[in-house]
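Hi,

Here is the structure I said I would pass on. Have a look at it first, and my notes on what turned up are underneath.

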Amino acid sequence: MFEYRKTGWIECICGSMFSGKSEELIRRIKRGVIAKQKVLLFKPEIDNRYSKDKISTHNGNSYESISIKSSSKIYDYVKNKNYDIIGVDEVQFFDKDILKVINDLANNGVRVIVAGLDMDFKAEPFYPMPDIMAVSEIVTKLHAVCSKCGSEASLSQRLIDGTPAKYNDPVVVIGASESYEARCRHCHEIKRD
Ligand SMILES: [Zn+2]
């Protein structure tokens, strides 16, 4: 005997850069596709890392996605479509309305899977991630490997021309080469003026 179960919940995949968040999101999405579930993926329009209409991971895995500017756009795409799974990558870059959007979806029977950075390069919570983590039924925190000492890394180190960024450095430093690497709490460096 199978008892009737209500569907609809939120899964949050979080962690630092290079922790495999997009990879894990795509893995869960592809399992749904194998089971013939109806899935749709979104990402913020500002993330043009590899492609405009795909979510691509650092090691080449990809899945098609829709780039949107504001989180409420999701309503237009899902209206009367009966999706089983809605995925959102780089969810930390969305406006705070994303919280209401994913709650609405889950309340209406959709399995929502979001992935995002839980902390910024300053090692501070990346809003609205703390709120999303709070309302999620399942939170999976992934770790990268610290590029300095090899232990579990939970932070993203921002480097400008190869040296640790300062706390007050602008988001874009013109003329400088910017890079990121994963670091543990002990190896993470942030210079304050
Ligand atoms: Zn370390």
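A quick definition before the details: two strands count as paired if DSSP finds at least two bridges between them. Keep in mind that this is a predicted model.

With that in hand, start at strand 7, residues 111-117. On one side, strand 6 (residues 85-88) pairs with strand 7 in the parallel sense, over four bridges. Gly 87 has Ile 113 as its bridge partner there. To get from strand 6 to strand 7 the chain goes through helix 3 (residues 98-107), and this β-α-β crossover is right-handed. Strand 1 (residues 9-15) also pairs with strand 7, again parallel, with seven bridges, and Glu 11 sits opposite Ile 113.

Strand 7 is mostly covered, with seven of its seven residues buried. Side chains in a regular strand alternate between the two faces of the sheet. Here Arg 111, Ile 113, Ala 115 and Leu 117 point one way, while Val 112, Val 114 and Gly 116 point the other way.

On to the cysteines: there are zero disulfides in the structure. Cys 14 is in none, and its nearest cysteine sulfur, that of Cys 12, is 4.9 Å away, whereas a disulfide needs the sulfurs within 2.5 Å. Cys 14 is buried, at 0% relative accessible area. Cys 187 has 16% relative accessibility, so it counts as buried too.

Last one: Ser 22 lies in helix 1 (residues 21-34). Its relative accessibility is 9%, so Ser 22 counts as buried, and its side chain makes a polar contact of 2.9 Å with that of Asp 89.

Cheers

Key. Residues numbered from 1 in each chain as written. Predicted model: local features only at pLDDT ≥ 70, side-chain atom pairs only at ≥ 80, totals over all residues. Heavy atoms only, no water. Helix = DSSP H or I, 4+ residues; strand = E, 2+ residues; numbered from the N terminus. Buried < 20%, exposed > 50% of the residue type's maximum accessible area, 1.4 Å probe, protein only. Polar contact = N/O pair within 3.5 Å; in protein donor to acceptor, adjacent residues only side chain to side chain. Right-handed = clockwise from strand over helix to strand, strands pointing away.
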